[in-house]
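Student: I would like to go through this structure term by term. For each label, tell me what earns it.

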Amino acid sequence: MAITDAVETHLILGLNLAATFVFGFSGGLAAVRARLDVFGVVVLAAVVGLAGGITRDLLIGVPPETVRDGRFLIAAAAPGVVCFVARRGRDRLQRAVLVFDAVGLSLFCVTGATKALRLGLGPVQAVVLGAITGIGGGIVRDVLLREVPTVLRTELYAVPALAGAAVVAVAHRAGSDAGAFAVVGAAVCLLLRLVGLRYVINLPVADDGPRPRGEGGSER
Amino acid sequence: MAITDAVETHLILGLNLAATFVFGFSGGLAAVRARLDVFGVVVLAAVVGLAGGITRDLLIGVPPETVRDGRFLIAAAAPGVVCFVARRGRDRLQRAVLVFDAVGLSLFCVTGATKALRLGLGPVQAVVLGAITGIGGGIVRDVLLREVPTVLRTELYAVPALAGAAVVAVAHRAGSDAGAFAVVGAAVCLLLRLVGLRYVINLPVADDGPRPRGEGGSER
Amino acid sequence: MAITDAVETHLILGLNLAATFVFGFSGGLAAVRARLDVFGVVVLAAVVGLAGGITRDLLIGVPPETVRDGRFLIAAAAPGVVCFVARRGRDRLQRAVLVFDAVGLSLFCVTGATKALRLGLGPVQAVVLGAITGIGGGIVRDVLLREVPTVLRTELYAVPALAGAAVVAVAHRAGSDAGAFAVVGAAVCLLLRLVGLRYVINLPVADDGPRPRGEGGSER
């Protein structure tokens, strides 16, 4: 049991580092597009990589773990440096970034939900906090770049995160903490997100509000 | 004494839940107007309902209480669902939302100040934290929808919250923790807010700054 | 030793209060320019003075110290009142504000790094948290006024803060906690910032991104 715990702790640490790293590219590329300077690019990479987990920890009421562990800072900032420096690689990164981002989302939603459950929060809270871990970075990115957060407006982005976290919460409720369910949860999230991207699925928008200036709505 | 405490604790819990619920409508309706998708509408409702109290708790340095108590999550998210679904009701809600919002502001400013005083903060802090509890949700709503927060620009919105919290802080200073003063504080806040709305009272704007593009100032 | 500690604690408290006060002017003047009302001006002064330190404390995982100490609230809010009331003084303040702001940045980056080191964080974290203490207030100011944070886009602003904090972290690593290094760190930051302002030095922007609408880039 103790051994399993140690393995799982290491597994979750590794997944979190990986998610932080791939999210960093999402932030770094958005920053390059917005023509931030080199400091801004590195900061935005770090913010997108770290903000979701920090928000989760603050909401749970524990000190943000990624702040004290230097590896997270490096994992989040390094993609910013890459995005700024690698002129050639950037085009290819741009095409890959949506997939990267989907992977990060999948990893974060299950690790976030797992952490909440371990700290004694209920299953509903775990699902919400898992989703916040996944989508928090992107929301802060959009606010800093002065956009209404994409995740609130369009695309199938939060639903996959909620679904992935729900798999973990339901398994936990059913008495199982096996890492296998984390893998299933991440897979569910990744699949839903990629299907949503492939078939351009959007969530519905309320249909009788006043239409803002010339934005052809794409709801339903 | 212990009985009074228990009653007061329940009273404050009830008032907080009610304030969270009515604030949720303010967030949900703003989200529908901004044409967010269904997820965005529910999130904005929850954020407006919860952000003030969470900010207060983080500033005091205690774990945000509404995160662990699932009732708050439901009280904050449910109005979002209603705003999204109820096409007909939305018009009537729209007219009622300013009053709802004033009620939420009044309840939050006194419960926020009360919590700060109970946790040993000084009266000035209690007034500020009470006001933050009341106005925090609206500020986050405006930032997410990419607007300069209304409360910083115009209208009599923060002053009622400060006044309501001040009633509680002064009563506490004078040795009284009686719930009656919370009621008086809330009534003072509500009255000031409704008078401000009715007579379109704005706070003064500094009168010699450069005037931004064609915005007819309405100060003094 | 104990005496030195007490002296240093008082020194850091004094420097923090001074930095909060001068940052308050930066917030207050920006708020007057943006035509916020009197409440908005005082709030923006307070936010710019306090947000960096509060963010640092939340990231470290300790209760924000400035919330419980009423002197900080006064030091941060008073400049807002001055900015709103003093019509004549405002012009002179406007010219002085960049220097004020540079002084605040220099003080905050060393006190922030010192606090992080004292609470047992590593040197890299201390540098980052020192910089966050210095630049956090300005970022929140820009977000509330609906601008992409200046510090992410242009000017030599974060680099001086990082350099100042690095002096403190390196001295600490080398076994010295002497206040002298805090002074050196602050001086390094101030010098870099003033040189950057005088010679209009900007950090590089990635040079092959798509250029946004008609903004003549000023990079390199």
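**Interfaces, symmetry and helix packing**

Tutor: Start with the contact between chains A and B in this predicted model. The contact takes 25 residues from chain B and 28 residues from chain A.

Student: Which elements give two or more residues to the side of chain B that touches chain A?

Tutor: They are helices H1 (2-33), H2 (38-60), H3 (65-68), H4 (70-85) and H6 (123-144) of chain B. H2(B) gives the most, with seven residues.

Student: How do the residues on that side of chain B divide into nonpolar, polar and charged?

Tutor: There are 17 nonpolar, two polar and six charged residues on the side of chain B that touches chain A.

Student: And what does the contact between chains C and A take from each chain?

Tutor: Chain C gives 28 residues and chain A gives 25 residues. On the side of chain C, the elements that give two or more residues are H2 (38-60), H6, H7 (150-153) and H8 (158-173). H6(C) supplies the largest share there, four residues. By class, that side of chain C has 18 nonpolar, seven polar and three charged residues.

Student: What makes the relation of chain C to chain A that of a three-fold axis?

Tutor: Two copies of a chain are related by a rotation about an axis and a shift along it. Superposing chain C on chain A takes a rotation of 120° with 0.0 Å of shift along the axis, and the RMSD is 0.0 Å. That is therefore the relation of a three-fold axis. In chain C, the C-alpha nearest the axis belongs to Arg146(C), 3.8 Å from it.

Student: How do you know that the copies, chains C and A, use different surfaces?

Tutor: Compare the contact residues. Of those of chain C, 11% recur in chain A.

Student: What rotation and shift superpose chain B on chain A?

Tutor: A rotation of 120° with 0.0 Å of shift along its axis does it, with an RMSD of 0.0 Å. Arg146(B) comes closest to the rotation axis among the residues of chain B, its C-alpha lying at 3.8 Å. Here too the copies use different surfaces, since 12% of the contact residues of chain B recur in chain A.

Student: Now the helices. Why are H5(C) and H6(C) called oblique to each other?

Tutor: Take the angle. H5 (residues 87-118) and H6 (residues 123-144) of chain C pack at about 140°, with their axes 7 Å apart. Roughly antiparallel needs an angle over 145, and roughly perpendicular runs from 65 to 115. The pair fits neither, so H5(C) and H6(C) are oblique. Their crossing is right-handed.

Student: Which residues of H5(C) and H6(C) meet?

Tutor: From H5(C), they include Leu105(C), Phe108(C), Cys109(C) and Val110(C). From H6(C), they include Gln125(C), Ala126(C), Val127(C) and Leu129(C). By class, this contact has 12 nonpolar, six polar and no charged residues.

Student: What makes H8(C) and H9(C) roughly antiparallel?

Tutor: H8(C) and H9 (residues 179-198) of chain C pack at about 160°, with their axes 8 Å apart. The cut-off for roughly antiparallel is over 145 degrees. The label therefore holds for H8(C) and H9(C). Their crossing is right-handed. Among the residues in the contact are Val159(C), Pro160(C) and Ala161(C) of H8(C), and Phe181(C), Ala182(C) and Val184(C) of H9(C). The contact has 15 nonpolar, three polar and one charged residues.

Student: At what angle do H5(A) and H9(A) pack?

Tutor: The angle is about 145°, and the axes are 9 Å apart. The crossing of H5(A) and H9(A) is right-handed. Leu98(A), Ala102(A) and Val103(A) of H5(A) are among the contact residues, as are Ala182(A), Gly185(A) and Ala186(A) of H9(A). By class, the contact has 13 nonpolar, three polar and one charged residues.

Student: How many helices and strands are there in chain A?

Tutor: Chain A has nine helices and zero strands. Along the sequence, the pattern is α-α-α-α-α-α-α-α-α.

Student: How do you know that the radius of gyration of chain A agrees with a compact globule?

Tutor: Set the value against the rule. With 220 residues, a compact globule would have a radius of gyration near 17 Å. Chain A has 17 Å, so the two agree. Along its principal axes, the C-alpha trace of chain A spans about 55 × 45 × 30 Å.

Conventions
Residues numbered from 1 in each chain as written. Chains lettered and ligands numbered in written order. Predicted model: local features only at pLDDT ≥ 70, side-chain atom pairs only at ≥ 80, totals over all residues. Contact = placed C-beta atoms within 7 Å. Nonpolar A, V, L, I, M, F, W, Y, C, P; charged D, E, K, R; others polar. Least-squares fit on C-alpha atoms with pLDDT ≥ 70 in both. Axes fitted to C-alpha atoms, helices over the stretch in contact; angles between N-to-C directions. Parallel < 35°, antiparallel > 145°, perpendicular 65-115°, else oblique. Left-handed = near helix turned anticlockwise from the far one by under 90°. Rg over C-alpha atoms; globule rule 2.2 N^0.38 Å.
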